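Me: Hey, can you walk me through this one? I'm new to this, so plain words please.
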Amino acid sequence: MLEFLDMGGYAFYVWTSYSFALILLGGVVLWSALQSRKVRVSTIRRAQQRKRKS
């Protein structure tokens, strides 16, 4: 198990790369969720405004 975690002496590079990729992917997921919510709220508001005008 320790050999796997050591990654043949490249552990720092490998685990840093994995961490960086995970943080970036998490950021993309979070940003996408926030943008999706923003679009849904905007769409609902526009629909409500159109309803009020009619």
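Reply: Sure. One term before we start: a patch here is made of residues with over 30% relative accessible area and no salt bridge, and nonpolar side chains are joined into one when they lie within 5 Å. Also keep in mind that this is a predicted model.

Me: OK, so which residues make the nonpolar surface patch?
Reply: Met 1, Leu 2, Phe 4, Leu 5, Trp 15 and Tyr 18 make it, and the patch comes to about 720 Å². Two elements give two or more residues to it: helix H1, which covers 2-6, and helix H2, which covers 11-53.

Me: Which one gives the most to the patch?
Reply: That's H1, with three residues.

Me: Let's zoom out. How many helices and strands does the protein have?
Reply: Two helices and zero strands. The radius of gyration is 22 Å, while the globule rule gives 10 Å for 54 residues, so the protein is more spread out than a compact globule.

Me: What does the C-alpha trace span along its principal axes?
Reply: About 70 × 15 × 5 Å. You can follow that spread with pairs of residues too. Trp 15 and Gln 35 are 20 residues apart along the chain, and their C-alpha atoms are separated by 30 Å. Arg 46 and Val 14 are 32 residues apart in sequence and 48 Å apart in space, C-alpha to C-alpha. For Lys 51 and Ala 11, it's 40 residues in sequence and 60 Å between the C-alphas.

Me: What share of the residues is buried?
Reply: Buried residues make up 4% of the 54. The protein exposes about 5,400 Å², and carbon and sulfur atoms supply 68% of that area.

Me: Is Lys 51 buried or exposed?
Reply: Exposed, because its relative accessible area is 67% and the cut-off for exposed is over 50%. Lys 51 is in helix H2.

Me: And Arg 46, where is that found?
Reply: Arg 46 is in helix H2 as well. Its relative accessibility is 43%, so Arg 46 counts as partly exposed.

Me: Switching topic: how many aromatic pairs does the structure hold?
Reply: Two. In one of them, the ring centres of Phe 4 and Trp 15 are 6.4 Å apart and the planes sit at 80°, so the pair is edge-to-face. Phe 4 lies in helix H1 and Trp 15 in helix H2, so this pair ties together parts that are 11 residues apart in sequence.

Me: Why do you give me both a distance and an angle?
Reply: Because a pair of aromatic rings is described by the distance of the centres and the angle of the planes.

Me: Makes sense. How far apart are the ring centres of Trp 15 and Tyr 18?
Reply: They're 5.5 Å apart, and the planes are at 70°, so this pair is edge-to-face. Trp 15 and Tyr 18 are three residues apart in helix H2, which means about one helical turn separates them.

Me: So what do the ring pairs link into a cluster?
Reply: Phe 4, Trp 15 and Tyr 18. Those three names are also among the residues of the nonpolar patch.

Me: What does Trp 15 touch, leaving out residues up to four places away in sequence?
Reply: Phe 4, Leu 5 and Met 7. Trp 15 has 33% relative accessibility, so it counts as partly exposed.

Me: Where is Met 7, then?
Reply: Met 7 is in the loop between H1 and H2. At 22% relative accessibility, Met 7 counts as partly exposed, because buried means under 20%.

Me: What's its phi?
Reply: Phi of Met 7 is near 55°, which is a positive value in a residue other than glycine.

Terms used. Residues numbered from 1 in each chain as written. Heavy atoms only, no water. Patch = residues over 30% accessible without salt bridge, like charges linked within 9 Å, V, L, I, M, F, W, Y side chains within 5 Å. Areas by Shrake-Rupley, 256 points an atom, 1.4 Å probe, with all protein chains shown as cover. Salt bridge = Lys/Arg side-chain N within 4 Å of Asp/Glu carboxyl O. Helix = DSSP H or I, 4+ residues; strand = E, 2+ residues; numbered from the N terminus. Buried < 20%, exposed > 50% of the residue type's maximum accessible area, 1.4 Å probe, protein only. Rg over C-alpha atoms; globule rule 2.2 N^0.38 Å. Phe/Tyr/Trp six-rings, centres within 6.5 Å; stacked < 30°, edge-to-face > 60°. Contact = heavy atoms within 4.5 Å.
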